[in-house]
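User: I would like to learn how to read the pockets, domains and sheets of a protein model, one feature after another. Could we begin with a pocket?

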Amino acid sequence: MSVVGFDFGNESCIVAVARQRGIDVVLNDESKRETPAIVCFGEKQRFIGTAGAASSTMNPKNSISQIKRLIGRQFSDPELQRDLKSLPFNVTEGPDGYPLIHARYLGEMRTFTPTQILGMVLLNLKSIAEKNLNAAVVDCCIGIPVYFTDLQRRAVLDAATIAGLHPLRLIHETTATALAYGIYKTDLPENDQLNVAFVDIGHASMQVCIAGFKKGQLTILAHSFDRSLGGRDFDEVLFQHFAAKFKEEYKIDVLQNARASIRLRTACEKLKKILSANPEAPLNIECLMDEKDVRGFIKREEFEQISAPILQRVKRPLEKALADAGLAVENVHMVEVVGSASRVPAMLKILTEFFGKEPRRTMNASECVARGCALECAILSPTFKVREFQVNESFPFPVSLSWKGSGPDSQAGGAEQQQLVFPKGNPIPSIKAVTFHKSSTFTVDVQYSDVSDLQAPPKISTYTIGPFPTIRSERPKLKVKVRLNLHGIVSIESATVSC
Ligand SMILES: Nc1ncnc2c1ncn2[C@@H]1O[C@H](COP(=O)(O)OP(=O)(O)OP(=O)(O)O)[C@@H](O)[C@H]1O
Ligand SMILES: [Mg+2]
């Protein structure tokens with residue numbers, strides 16, 4: 001049995017393995033701790049991870065990245081449509097309404113689903129773990145964003161199956177971080193609760209979770225997020241800024257040239273990182289377009305001014321998390337920031353102002369998710385001994401059953417009815433029973449009761465229940481069991497007739 005944790009990020013992935021003496025982040029073939037989440041299709045072979053990233057500038061149209069944004073989403077999803085605008089590869093709508101990625105591979109055009117591409121990325125991560133452990137890797141834990149829908153969670157499981165992996169759990173990234181934070185802490189209180197806010201700012205999204213710690217356990221008090229607020233938004237702001245500047249100064253329109261756009265975006269990302277450590281930074285690119293060398297320069301102050309629309313959005317998920325946890329800001333004892341985009345100083349300023357205290361960086365900002373995943377895998381694995389630590393996870397979306405009829409005991413037909421099964425914040429895993437009185441086969445929809453946060457179609461799945469025996473002319477009592485499993489996936493597990 002393997003005990004491995006995978007953090008598959010929108011930009012980069014980390015593999016952590018559990019050993020008897022602790023958790024190790026392992027190196028890939030190129031001796032790097034981070035492996036880019038990219039698959040680059042070539043004429044003779046495909047390159048995945050670090051090798052994929054190296055070939056991507058030469059072959060942008062066949063370099064597939066940002067899979068986390070595409071997986072389990074309908075092609076018509078407005079957020080997906082926005083994301084597609086900045087991706088260099090071609091994506092069309094498949095016959096099932098889901099995206100199909102086009103790439104030239106082994107001399108011919110092929111199409112791939114995002115699930116297939118994620119399968120390739122996971123296969124690469126699996127082989128990194130296997131080389132390091134010198135053993136087969138099947139059992140694992142995979143980190144996922146808290147905002148992933150049922151469909152996205154199922155797609156990750158499918159991709160894991162393609163890669164020959166068996167996830168014991170898909171764990172929310174911020175919960176994995178909280179676990180990695182708490183499990184080794186020896187000073188957790190017996191009775192009072194230590195409330196810690198974890199803020200993860202990644203490549204494309206921001207997630208917040210407030211966890212209450214006591215000796216031997218953590219309880220998630222709230223999850224919140226902004227699905228489209230991350231490091232890449234700063235790159236885009238800088239990109240637009242310099243594209244406009246160069247148009248004026250050098251009379252070149254970078255937006256009209258795919259390769260120049262990629263080169264400018266890459267340079268802007270570097271510039272952003274320099275600005276995290278320095279008050280000003282230069283930008284020089286040779287032969288960007290029309291054989292013109294370009295030169296630019298920006299101060300951190302100006303960067304923050306042009307990033308104001310992004311920075312303004314940071315507070316909302318923080319407020320939401322506090323409100324959902326039912327805590328006043330003074331009751332949050334500590335703030336931990338993780339995710340590499342949290343290195344932008346303006347972000348820290350906002351967090352400090354909001355919480356009234358300096359956020360800490362106790363955790364390794366890029367590795368904590370993978371470590372938490374490996375720890376969770378160790379907790380779930382029967383072969384591994386870890387310190388007793390309980391994770392009380394909460395599910396961020398309310399889920400209900402809906403059916404036609406006037407109540408669970410009605411005949412078919414009539415108005416649409418709904419019953420809340422798992423309220424927001426319901427513990428994971430969980431099982432609930434709903435009793436129906438029905439005389440013939442009927443259908444039940446499992447759906448999100450509130451999609452305002454999710455911006456996804458409310459319906460999760462439909463179940464047809466029946467046929468079942470009717471005893472005399474009475475309507476039998478049907479007990480329908482609904483399960484919210486460890487992965488945060490909801491399903492109707494069984495329906496039993498009792499008289
Ligand atoms: N020193 C730095 N200053 C500012 N931004 C940085 C710095 N280092 C990395 N970043 C940015 O952090 C982002 C990547 O963060 P991270 O690796 O946490 O994301 P990810 O886990 O791949 O994505 P996600 O969590 O959204 O799926 C990139 O946008 C990168 O440019
Ligand atoms: Mg991340």
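User: What is the volume of the second largest pocket?

Analyst: On a 1 Å grid over the protein atoms alone, a pocket is an open set of points with protein on both sides within 12 Å along at least five of seven lines, and lining residues have an atom within 4 Å of a point. Grid points are joined across faces, edges and corners, and the volume is the space filled by probe spheres set on the points, the probe being of 1.4 Å. Here the second largest pocket has a volume of about 360 Å³. This is a predicted model, in which local features need pLDDT of at least 70 and side-chain atom pairs count only at pLDDT 80 or more, while totals for chains, interfaces and linings use all residues. Residues are numbered from 1 along each chain as its sequence is written, chains are lettered from A and ligands numbered from 1 in the order in which they are written, and side-chain values use heavy atoms, with hydrogens and water left out.

User: Which residues lie nearest the centre of the second largest pocket, and which elements give two or more residues to its lining?

Analyst: The lining has 18 residues, and Phe225, Asp226, Arg227, Arg316 and Asp453 are those nearest the centre. Helices (H or I, at least four residues) and strands (E, at least two) are DSSP runs, numbered from the N terminus; those giving two or more residues to this lining are β15 (217-226) and α11 (315-325). For classes, Ala, Val, Leu, Ile, Met, Phe, Trp, Tyr, Cys and Pro count as nonpolar, Asp, Glu, Lys and Arg as charged, and the others, Gly among them, as polar, which gives 4 nonpolar, 5 polar and 9 charged residues in the lining.

User: Where does the second largest pocket lie with respect to the domains?

Analyst: Domain bounds come from an automatic or database domain assignment, and the protein is divided into domain 1 (4-173 + 369-385), domain 2 (183-228 + 314-365), domain 3 (231-309) and domain 4 (399-498). The pocket lies between domain 2 and domain 4, because both give residues to its lining.

User: How should I read a sheet, and in what order do the strands β21, β20, β24 and β25 stand?

Analyst: Strands of a sheet pair through backbone hydrogen bonds, either parallel or antiparallel, and two strands are taken to pair if DSSP finds at least two bridges between them. In this case 4 strands form an open, antiparallel sheet in the order β21-β20-β24-β25, with β21 (416-422) and β25 (459-465) as edge strands that each pair on one side only. Within the sheet, 4 bridges join β20 (residues 399-404) to β24 (residues 442-448), and Val399 stands opposite Tyr448 in β24.

User: Which strands stand at the edges of the sheet β8-β9-β10?

Analyst: This open sheet has 3 strands with antiparallel pairing; β8 (90-93) and β10 (108-112) stand at the edges with a single partner strand each, so one side of each is left without a neighbour in the sheet. Strand β9 (residues 99-105) is joined to β10 by 5 bridges, and Ala103 stands opposite Arg110.

User: Where are Pro429 and Pro467 placed, and what kind of peptide bond precedes them?

Analyst: Pro429 is in the loop between β22 (427-428) and β23 (430-437), joined to Ile428 by a cis peptide bond with omega about -5°. Pro467 is in the loop between β25 and β26, and a cis peptide bond, with omega about -5°, joins it to Gly466.
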